[in-house]
Amino acid sequence: MNDCASTVASEVFEQTALADSYGFDALWLAEHHFGAQDGRAPQPLLVALAAASRTRQINVGTSLIVLPLHHPVAVAEQLATLDILTGGRLS
């Protein structure tokens, strides 16, 4: 991961932890490729899992997954796995 992407991830995790401590309900992430955010958010479910592992109660979810780029069964499996691994915190 390059320094810029690493910085973005660190900021997301820091902001999520702060939101969790203030009692916010959910973190919503969107899939972005190429030009949007310089392509630093191509896997929102992985980021959601990492963010959830750093928090205690905030729910995680996606506001956008570009479904034509993914197999629907794979997306369903990933969402189910995310929900299990976060103890039911998938929004």
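# Close-up views of a predicted model

Read from one end of the sequence to the other, the chain follows the pattern α-β-α-β-α. This is a predicted model, and the legends below take you through it one view at a time.

**View 1. The whole chain, with three helices and two strands.** Start here to get your bearings. The chain has 91 residues, and buried residues make up 29% of them. About 5,900 Å² of the chain is exposed, with carbon and sulfur atoms supplying 58% of that area. How much of the contact at a separation of 6 or more comes from residues 24 or more positions apart? Such pairs account for 71% of the contacts in the chain with that separation. If you are looking for aromatic pairs, the structure holds zero of them.

**View 2. The largest nonpolar core, a set of 14 residues.** Leu27, Ala48, Val60 and Leu82 are the members that touch the most other members of this core. Two or more residues each come from helix H1 (3-21), strand E1 (26-30), helix H2 (44-53) and helix H3. Which element gives the largest share? That is H2, with five residues. Ala48 makes a good place to zoom in: leaving aside its neighbours within four places in sequence, Ala48 is in contact with Leu29, Val60 and Leu82. Two of these partners, Val60 and Leu82, are named along with Ala48 among the residues that touch the most other core members.

**View 3. Thr86, in the segment after helix H3 (72-85).** Is Thr86 buried or exposed? Thr86 has a relative accessible area of 7%, so it counts as buried, the limit for that being under 20%. Its side chain looks back to the backbone at two places. The backbone oxygen of Leu82 is reached by the side chain of Thr86 at 2.8 Å. A polar atom of that Thr86 side chain also lies 3.3 Å from the backbone oxygen of Asp83. Not counting residues up to four places away in sequence, Thr86 touches Leu49, Ala52 and Val60.

**View 4. Arg54 and the ring of Phe13.** You will find Arg54 in the loop between H2 and strand E2 (59-64). Arg54 lies over the face of Phe13, and the distance to the ring centre is 4.0 Å. A second feature of the Arg54 side chain is a polar atom that lies 3.0 Å from the backbone oxygen of Ala50. With a relative accessible area of 48%, Arg54 is partly exposed. Thr16 is also worth finding in this view: the C-alpha atoms of Arg54 and Thr16 are separated by 8.3 Å, although the two residues are 38 residues apart along the chain.

**View 5. Ser10, a residue of helix H1.** Ser10 counts as partly exposed, at 44% relative accessibility. Which residue, 41 residues apart from Ser10 along the chain, can you compare it with here? That residue is Ala51, and the C-alpha atoms of Ser10 and Ala51 are separated by 9.7 Å.

**View 6. Leu90, in the segment after H3.** At 24% relative accessibility, Leu90 counts as partly exposed. Leu90 and Gly61 are 29 residues apart in sequence, yet their C-alpha atoms are 5.5 Å apart in space. Which residues is Leu90 in contact with, leaving aside its neighbours within four places in sequence? They are Val60, Gly61, Leu79, Leu82 and Asp83. Some of these names come from earlier views: Val60 is also touched by Thr86, and Asp83 offers a backbone oxygen 3.3 Å from a polar atom of the Thr86 side chain.

**View 7. Leu69, in the loop between E2 and H3.** Is Leu69 buried or exposed? Leu69 has a relative accessibility of 56%, so it counts as exposed, the limit for that being over 50%. Not counting residues up to four places away in sequence, Leu69 touches Glu31 and His33.

Definitions and conventions
Residues numbered from 1 in each chain as written. Predicted model: local features only at pLDDT ≥ 70, side-chain atom pairs only at ≥ 80, totals over all residues. Heavy atoms only, no water. Phe/Tyr/Trp six-rings, centres within 6.5 Å; stacked < 30°, edge-to-face > 60°. Lys NZ or Arg CZ within 6 Å of the ring centre and 35° of its normal. Helix = DSSP H or I, 4+ residues; strand = E, 2+ residues; numbered from the N terminus. Buried < 20%, exposed > 50% of the residue type's maximum accessible area, 1.4 Å probe, protein only. Polar contact = N/O pair within 3.5 Å; in protein donor to acceptor, adjacent residues only side chain to side chain. Contact = heavy atoms within 4.5 Å. Core = buried A, V, L, I, M, F, W, Y, C linked by side-chain atoms within 4.5 Å. Areas by Shrake-Rupley, 256 points an atom, 1.4 Å probe, with all protein chains shown as cover.
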